[in-house]
Amino acid sequence: MINIKQLSFKWQKQQSNPTLAIAALEIAKGEHVFLHGPSGCGKSTFLSLLAGINRPTSGSLNIFGCELSKLTNSKRDVFRADHIGYIFQNFNLLPYLSPLENVTLGCQFSKQRQKKALVNSMTLNQEAARLLNALGLSEQFHLQNVANLSIGQQQRVAAARAFIGSPELIIADEPTSALDTGNRQAFIKLLFEQAQAANSTLIFVSHDESLQPLFNRNIDLIALQEQLS
Ligand SMILES: Nc1ncnc2c1ncn2[C@@H]1O[C@H](COP(=O)(O)OP(=O)(O)OP(=O)(O)O)[C@@H](O)[C@H]1O
């Protein structure tokens, strides 16, 4: 479902060496991938290409049969809204909105996501509440201001927002860095349960290599870039 060939990316045209150069990579539907590498090696840059935030400088990046390198910015925005749930390192929640409002925002820009969200529940609010409960955020918190929630609770809101409407691809950029070891493993278990329920592919970036055995595939971004096609 993700197929990369001769992909390269430069932040600036005049850069002598590309920030990313990947000869070949395939990731299958439903895989849970642990992506790691030293600070500055390009992990977040890579995620931004997968999410269609940036476009490859050259080469092919095909996701679900769609060639992202050929889409305009606005078409990539639509693609992201339809197919991708993104859990940001700093969550990117809207602090003046409630958990329910933040989660329903996850599918506000996509009719396709809204339709899928309504398979499980009568309304988007009910589906957001169902996901928040499943991720361990009880109803007493659903209408509070997210800025008043703990970091662990905000993480659950960010995950529910990524999961609403069962996107085919979930991208998580160091989502557990603020949690202690016990809570990290519990959060990842919940993430896997949700990803499995929707048969979503999960790409999870972390510096914490103790999490690696929990995933069914491990990609070292430096080693990947050293491989020749
Ligand atoms: N918006 C940007 N404009 C120009 N250069 C950038 C930009 N974002 C990142 N870079 C550069 O791209 C390279 C890769 O950065 P990136 O953030 O992808 O690394 P990373 O592996 O995610 O790092 P970390 O583990 O510290 O988060 C770095 O040299 C960085 O300076």
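A residue counts as exposed if 12 or fewer other C-beta atoms lie within 10 Å of its own, as buried if 20 or more do, and as partly exposed in between. With this yardstick in hand, a walk through the structure, which is a predicted model, can begin at Glu-67. This residue has 12 C-beta neighbours inside 10 Å, and therefore counts as exposed. Glu-67 belongs to strand E5. Once its neighbours within four places in sequence are set aside, Glu-67 is in contact with Ser-60 and Asn-62. The C-alpha atoms of Glu-67 and Ile-2 are 10.0 Å apart, although 65 residues separate the two in sequence.

Just past this strand comes a loop. Lys-70 sits in the loop that runs between strand E5 (66-67) and H2. Is Lys-70 buried, exposed or partly exposed? It has 13 C-beta neighbours inside 10 Å, so Lys-70 counts as partly exposed. Between the C-alpha atoms of Lys-70 and Arg-55 there are 8.4 Å, with the two positions 15 residues apart along the chain.

The loop leads on to helix H2, which spans residues 73-83 and has Arg-76, Arg-80 and His-83 as buried residues. These three lie on the same side of H2, because they cover an arc of only 95° around the axis. What do the buried residues of H2 pack against? Their partners are strand E6 (84-87) and strand E7 (169-173).

The nonpolar interior can be followed next. The largest nonpolar core contains 52 residues, and the ones with the most contacts inside it are Ala-128, Leu-132, Ala-160 and Ile-171. Helix H6, made of residues 151-163, gives the most to this core, contributing six residues. Ile-171 offers a good view of how distant parts of the sequence meet: not counting residues up to four places away, it touches Leu-47, Leu-50, Ala-51, Ile-84, Tyr-86 and Ile-203.

Two loop residues deserve a look for their backbone angles. Most residues other than glycine have a negative phi. Ser-166 is not a glycine, yet its phi is positive, at about 45°. This serine is found in the loop between H6 and E7. Ser-166 counts as partly exposed because it has 19 C-beta neighbours inside 10 Å. Glu-174, also not a glycine, has a positive phi of about 45°. The loop that holds Glu-174 connects E7 with helix H7 (181-197). With 17 C-beta neighbours inside 10 Å, Glu-174 is therefore partly exposed.

Another loop residue, Ser-110, lies between helix H3 (99-105) and helix H4 (111-120). Is Ser-110 buried or exposed? Ser-110 has 21 C-beta neighbours inside 10 Å, so it counts as buried. Leaving aside neighbours within four places in sequence, Ser-110 is in contact with Ala-81, Asp-82 and Gly-165. By contrast, the C-alpha atoms of Ser-110 and Ser-39 are separated by 34 Å, and the two residues are 71 apart along the chain.

Ser-39 brings the walk to the ligand. Which residues are around the ligand? They are Trp-11, Thr-19, Gly-37, Ser-39, Gly-40, Cys-41, Gly-42, Lys-43, Ser-44 and Thr-45. By character, this shell divides into two nonpolar, seven polar and one charged residue. Thr-45, one of the residues around the ligand, is placed in helix H1, residues 43-50. It has 17 other C-beta atoms within 10 Å, which means that Thr-45 is partly exposed. Not counting residues up to four places away in sequence, Thr-45 touches Phe-9, Thr-19 and Leu-20. Thr-45 and Trp-11 are 34 residues apart in sequence, and their C-alpha atoms are 9.1 Å apart in space.

Finally, a record adds a label to this chain. An unreviewed UniProt entry carries the annotation "domain: ABC transporter" for residues 2-227. In the model, the span 2-227 is 37% helix and 21% strand, and its end C-alpha atoms lie 18 Å apart.

Definitions and conventions: Residues are numbered from 1 along each chain as its sequence is written. This is a predicted model: local features need pLDDT of at least 70, side-chain atom pairs count only at pLDDT 80 or more; totals for chains, interfaces and linings use all residues. A residue is near a molecule or strand if its C-beta atom, placed from the backbone, lies within 6 Å of it. Ala, Val, Leu, Ile, Met, Phe, Trp, Tyr, Cys and Pro count as nonpolar, Asp, Glu, Lys and Arg as charged, and the others, Gly among them, as polar. Helices (H or I, at least four residues) and strands (E, at least two) are DSSP runs, numbered from the N terminus. The arc is that of the directions from the helix axis to the C-beta atoms. Two residues are in contact if their C-beta atoms, placed from the backbone, lie within 7 Å. UniProt positions are given in the numbering used here, feature names are shortened, and annotations may be inferred rather than shown by experiment. A nonpolar core is a set of buried Ala, Val, Leu, Ile, Met, Phe, Trp, Tyr and Cys residues joined through C-beta atoms within 7 Å.
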